[in-house]
Amino acid sequence: RHDPLTELPNRVMLVEWLDDALARCRNDRFVGLVLLDIDHFKVVNDSLGHAAGDELLAVAAKRVDRVLRAGDRLARLGGDELAIVCHDAQAAGDVLTLARRVRSVFDEPFVLHNGDEVYLGASVGVSVSHGAHDTPARLMRDADVAMFAAKELGRGRVELFDDTMRERAVKRLEIEGALRRGLVRGEFRVHYQPVVDFARSEVIGFEALVRWQHPERGLIAPDEFLAVAEETGLIVPIGGWVLREACAQAAGWAAESPGAPHLTVSVNLSARQLADPELVSLVDGALAAAGLDPSLLVLEITEPVLMENRDTAVRVLRDLGARGVRVSIDDFGTGQSSLGYLKMLPVHTLKIDRTLVDGLAVDTEDAAIVAAIVQLGHALGLSVTAEGVEDGEQLGALRSLGCDLGQGYYFARPQPGEVVRALVHHRFRWSRHEAVASA
């Protein structure tokens, strides 16, 4: 009935408290449940060790306990989750006020016994009772959904449950189930968008982009399902399938255009994939099965993924770079990266985020940032690619700034593999004056 680390009551006693509080609650009062999850706590355990993590949990629990109202009860649910039962609240606003006070105890650093300072954040979800027939299970479920929403919205915040959150949670569960079935049934497809060399007006490669051929809804864009795939870990098998498919496609292009410069294929890596200990073996297997030269494979990683997994990224990407695989930093210019890592990693390309390309013609600051990225890339011996090129004005601006490569709807929309395969053996080029690719 008690957690041995923090000496707090555990989940069993929490449910008993909620039962009792709901039974005693008057019609004009509320019972509130506040769930708190410490953000990125795994990083503490991984970097400082589990002993330091345990110490921080105990200190955090004491801090939270000091800001509770008389009669409020604190429990540890397990891991880095704490829960507070709020008795006899006059309004939902009272529970929210308490939740914000609890979250604020994480604003100050935590000092370990050895003197080290650690900054932690917390995501907090809140639910309140609906009446005499409410249950502990409903309060816990809804507070958990609200806490998940706080994490989705950027962490370090407080969210009060509402019905919209439940609808999103139900939809997320439906998408997860459909994704699992889609993997088994082979419902995913890869479309390819050309990458154009500005100086030669020639297509020099393609980016592989996953699509979902849903049996009822038709072709679904990745914006609708990749976030769920990442959260559930399904991105690992989906991404592995995309990698193998793209490598096989690129090998086919090379076989159909002997003697011509071979086309590269770019594949995106998510945070889950980068953390997967089997990633290097997966890439080796995909290249070997396709018979593809490693230099024709480009792995694209966004700045946030790179910075969140810095140590892993350095180790894994160096291993892949030693094999000849190329690396591109995607969405460059919008994250908070350490430029020193550009020297440590086997990076070949910086890819300018489409939001900066969108503002080229209307925002002088965006134009200045793009110019700076191009200059930085060239100074480091890297090529620079612009994504999201939508019109000739953007193309002209990028050329004038010295950008090397680009992709976007102005050149071509992503196309199924069979469409691209029918064209590539003609070695088609991009016309500067016509928005078409010509054989």
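Visitor: What volume does the second largest pocket have?
Guide: Happy to help! This is a predicted model, where local features need pLDDT of at least 70 and side-chain atom pairs count only at pLDDT 80 or more, while totals for chains, interfaces and linings use all residues. Residues are numbered from 1 along each chain as its sequence is written, and side-chain values use heavy atoms, leaving out hydrogens and water. The second largest pocket (on a 1 Å grid, an open set of points where a 1.4 Å probe fits, with protein on both sides within 12 Å along at least five of seven lines; volume is the space filled by the probe spheres) comes to about 620 Å³.

Visitor: Which residues lie closest to the centre of that second largest pocket?
Guide: Its lining (residues with an atom within 4 Å of a point) holds 25 residues. Helices α5 (136–152), α6 (163–185) and α7 (226–232) each supply at least two of them; helices here are DSSP runs of H or I, at least four residues long. Closest to the centre are Phe148, Glu152, Arg168, Ala169 and Arg172.

Visitor: How many residues of that second largest pocket's lining are charged?
Guide: Asp, Glu, Lys and Arg count as charged, Ala, Val, Leu, Ile, Met, Phe, Trp, Tyr, Cys and Pro as nonpolar, and the others, including Gly, as polar. The lining has 13 nonpolar residues and no polar ones, and the charged ones number 12.

Visitor: Are α8 and α10 roughly parallel or roughly antiparallel?
Guide: The axes (lines fitted to C-alpha atoms over the stretch in contact, with angles from 0 to 180 degrees between N-to-C directions) of α8 (residues 235–256) and α10 are 8 Å apart, at an angle of about 30 degrees. Under 35 degrees counts as roughly parallel and over 145 as roughly antiparallel. That angle therefore makes α8 and α10 roughly parallel.

Visitor: Which residues of α10 meet α8?
Guide: Contact means heavy atoms within 4.5 Å. From α8 come Gly240, Leu243, Arg244, Cys247, Ala248 and Ala251, and they meet, in α10, Leu282, Val283, Ala286, Leu287 and Ala290.

Visitor: Which residues of α12 does α10 meet?
Guide: The axes of α10 (residues 279–290) and α12 (residues 310–322) come within 10 Å and cross at roughly 20 degrees. Leu279, Val280 and Val283 of α10 meet, in α12, Val316, Asp319 and Leu320.

Visitor: Which residues of α5 touch α1?
Guide: Helix α1 (residues 11–24) packs against α5 at about 115 degrees, with the axes 9 Å apart. On the α1 side are Arg11, Leu14, Val15, Leu18, Asp19 and Leu22, and on the α5 side Pro136, Leu139 and Met140.

How values were computed:
Helix = DSSP H or I, 4+ residues; strand = E, 2+ residues; numbered from the N terminus. Parallel < 35°, antiparallel > 145°, perpendicular 65-115°, else oblique.
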